[in-house]
Amino acid sequence: MLRALIIGLAALTAAPVLATSTHPQALVLEVMRENKCRLETLRAEELFSAHDLRPEDVSAVVNSWAEQGLAGLDGPTFEIAPALCGVHGLDADDTQGRADVLYDFVRLNGCRMDAEVAEIKLRPAGFTRAETPGLIDALITSGRAHQQDPYIIVIGDAC
């Protein structure tokens with residue numbers, strides 16, 4: 001049933017077929033992040049078509065995320081997991097929440113991340129360069145990560 005509802009969400013997104021240089025997954029993620037990672041399904045057509053997304057592209061992205069356990073429906077609301085969302089929608093002073101999201105984000109990206117990859121991936125996920133060292137320290141202190149130059153490596157069942 002979840003899959004049918006997610007496919008239904010994508011079917012709402014009737015969009016004109018326009019060439020785009022950005023991958024559909026990045027565009028769907030952009031729409032979701034702009035909406036604090038929760039989207040009322042009634043607004044799907046408006047929001048996805050504004051980014052020139054075709055229904056079949058949205059469906060493919062959404063279904064892929066759902067199969068990985070990274071997205072789903074909560075009643076009439078489609079939402080993505082913090083590992084995809086990043087810290088969009090979290091208060092800047094929610095240090096614990098932001099550290100939890102960093103943990104999930106690094107885990108989703110192969111359980112380790114060096115400074116070069118972090119520079120590319122963390123800023124779009126909403127992390128600032130100034131806060132990241134403190135969040136990494138919090139993860140190390142809590143025993144959920146360790147530093148092995150040049151990487152931060154997260155520790156857990158999925159890694």
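The confidence that the predictor assigns to each residue is expressed as pLDDT, on a scale from 0 to 100. In this predicted model, the average pLDDT of the protein is 82, and 87% of the residues score at least 70. Over residues 1–21, by contrast, pLDDT stays under 50, although the model has 40 contacts beyond four places in sequence for this segment. Where pLDDT is low, the predicted coordinates should not be read in detail.

In soluble globular proteins, nonpolar side chains tend to be buried together. The largest nonpolar core of the model comprises 23 residues, of which Val28, Met32, Phe48, Trp65 and Ile80 touch the most other members. At least two residues of this core are supplied by each of α2 (24–34), α3 (44–49), α4 (55–67), β3 (77–80) and α5 (82–85), with α2 giving the most, namely five residues. When residues up to four places away in sequence are not counted, methionine 32 touches Cys37, Arg38, Leu39, Phe48, Trp65, Phe78, Glu79 and Ile80. A second core, separate from this one and made up of 19 residues, includes Val87, Met113, Ile136 and Ala145.

Strand β3, which contributes to the largest core, runs antiparallel to strand β2 (residues 71–74), and the two strands are joined by four bridges. Within this pairing, leucine 73 stands opposite phenylalanine 78 of β3, and phenylalanine 78 is also among the residues that methionine 32 touches. The hairpin formed by β2 and β3 has two residues between the strands, and glycine 75 in this hairpin takes a positive phi near 65 degrees.

Methods: Residues are numbered from 1 along each chain as its sequence is written. This is a predicted model: local features need pLDDT of at least 70, side-chain atom pairs count only at pLDDT 80 or more; totals for chains, interfaces and linings use all residues. Side-chain values use heavy atoms; hydrogens and water are left out. A nonpolar core is a set of buried Ala, Val, Leu, Ile, Met, Phe, Trp, Tyr and Cys residues joined through side-chain atoms within 4.5 Å. Buried means under 20% relative accessible area, exposed over 50%, partly exposed in between (1.4 Å probe, protein chains only). Contact means heavy atoms within 4.5 Å. Two strands pair if DSSP finds at least two bridges between them.
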